Amino acid sequence: VLQVLLSQAHRLRALQLLARFLDMGAAAVSLALSVQIFPYVLRLLQTSAPELRQVLVFIWGRIIAVDRTCQADLVKDKGFSYFVQFVSLQNVPQHQKATAFFILSLVCDNHPAGQLACGGTSLMSECIRHLSSPSGIVRQWAVLCLGKMCENCCQNRQQTLAFSAHATLISHLRDVMPEVRSAVMHTLASFIGPVFDEAHPPRTVVDMALSQDKLIADFEIGQTMLSLYGDASMLVRREIS
């Protein structure tokens, strides 16, 4: 398969076979990584071939779920931008979009460089746009991706104010799916916190006003979270506690 990946004529079929193998589980992913499949699939993120998009998203969803160390490579080589572009596409299966949001959320998970890189793209606006998706799993992972972008990241929290993201999320706390409501609660909790830190303290009147706006937003989030203490879903109640 590694050799065939170098052939453009047979690349799609080779990737489909690789995807079927990786779908066998974590052991299969580990085995594929042990034979140095990683550089090949990383390089393929530079291609613009539309027929490879869905299979590449599937493959990377399996890889990053098993090996989180690829976060750094996806950021360093700007491979993450492939998935940002993917979620902006219109005519792709909803479950594939959910997988792309899953990949991006793991790129940001406990990875400040990934958070800042994703924050410099259109990802936040895409996350908010997909809150109106008809697919519950897309809504869920779009929300979780937004939360991972903002977890302990002051710069990205500043962006949430510009998008009024907390107000948009609050309006989705009545989602019919408890998994989505739980994801919203988790993400709202990640919004709470300062928008400046010791390395970048507020210096201007505008900065002070931004900090004040953030305090007001945090208060609104806290009030809303307490009002949902009686939610019928244990998933949602667990996020409150």
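Which handedness does the crossing of H13 and H14 have? In this predicted model, the crossing of H13 and H14 turns out to be left-handed. The axes of the two helices come within 10 Å, with a crossing angle of roughly 150°. Angles over 145 degrees count as roughly antiparallel, so H13 and H14 are roughly antiparallel to each other. On the H13 side, the residues that meet H14 are Met185, Leu188, Ala189 and Phe191, and their partners in H14 are Lys214, Asp218, Ile221 and Met225. Sorted by class, the contact of H13 with H14 holds six nonpolar residues, two charged ones and no polar ones.

H13 itself is worth a closer look. Helix H13 covers residues 178-191, which makes 14 residues. From first C-alpha to last it reaches 20 Å, close to the 20 Å expected at 1.5 Å a residue. Ten of those 14 residues are buried, so H13 is largely enclosed by the rest of the structure. Among the buried residues are Met185, Leu188 and Phe191, three residues that also turn up in the contact with H14. The buried set also takes in Arg181, Ser182, Thr187 and Ser190. And what does the covering? The cover over the buried residues of H13 includes H10, H11, helix H12 (165-170), helix H14 (205-227) and helix H15 (234-240). Just after H13 comes glycine 193, with a positive phi of about 145°.

H10, one of the helices covering H13, gets a similar check. Helix H10 runs over residues 136-150, and its 15 residues should span 21 Å at 1.5 Å a residue. The end C-alpha atoms of H10 are 22 Å apart, which agrees. Here 13 of the 15 residues are buried, so H10 is largely enclosed by the rest of the structure. Just after H10, asparagine 152 takes a positive phi of about 60°.

Next up is a second helix pair, H8 and H11. Helix H8 (residues 112-119) and helix H11 (residues 154-163) have axes that come within 9 Å and cross at roughly 30°. That angle makes H8 roughly parallel to H11, since angles under 35 degrees count that way. H8 passes H11 in a left-handed crossing. The residues that meet are Gln115, Leu116 and Gly119 from H8 and Gln155, Asn156 and Gln159 from H11. This contact of H8 with H11 is made up of five polar residues, one nonpolar residue and no charged ones.

One residue of that contact can be followed further. Asparagine 156 sits in helix H11. With 2% relative accessibility, asparagine 156 counts as buried, because the cut-off for buried is under 20%. Setting aside neighbours within four places in sequence, asparagine 156 is in contact with Gln115, Leu116 and Gly119, and also with Met124, Met149 and Cys150.

Finally, over to the segment before helix H1 (11-22), where valine 4 lies. Is valine 4 buried or partly exposed? At 34% relative accessibility, valine 4 counts as partly exposed. Leaving out neighbours within four places in sequence, valine 4 is in contact with His10, Arg11 and Ala14. Valine 4 and alanine 14 are ten residues apart in sequence, yet their C-alpha atoms are 6.3 Å apart in space.

Definitions and conventions
Residues are numbered from 1 along each chain as its sequence is written. This is a predicted model: local features need pLDDT of at least 70, side-chain atom pairs count only at pLDDT 80 or more; totals for chains, interfaces and linings use all residues. Side-chain values use heavy atoms; hydrogens and water are left out. Axes are lines fitted to C-alpha atoms, for helices over the stretch in contact, and angles run from 0 to 180 degrees between N-to-C directions. Helices (H or I, at least four residues) and strands (E, at least two) are DSSP runs, numbered from the N terminus. Angles under 35 degrees count as roughly parallel, over 145 as roughly antiparallel, 65 to 115 as roughly perpendicular and the rest as oblique. A crossing is left-handed if the near helix is turned anticlockwise from the far one by less than a right angle, and right-handed if clockwise. Contact means heavy atoms within 4.5 Å. Ala, Val, Leu, Ile, Met, Phe, Trp, Tyr, Cys and Pro count as nonpolar, Asp, Glu, Lys and Arg as charged, and the others, Gly among them, as polar. The expected span of a helix is 1.5 Å times one less than its number of residues. Buried means under 20% relative accessible area, exposed over 50%, partly exposed in between (1.4 Å probe, protein chains only).
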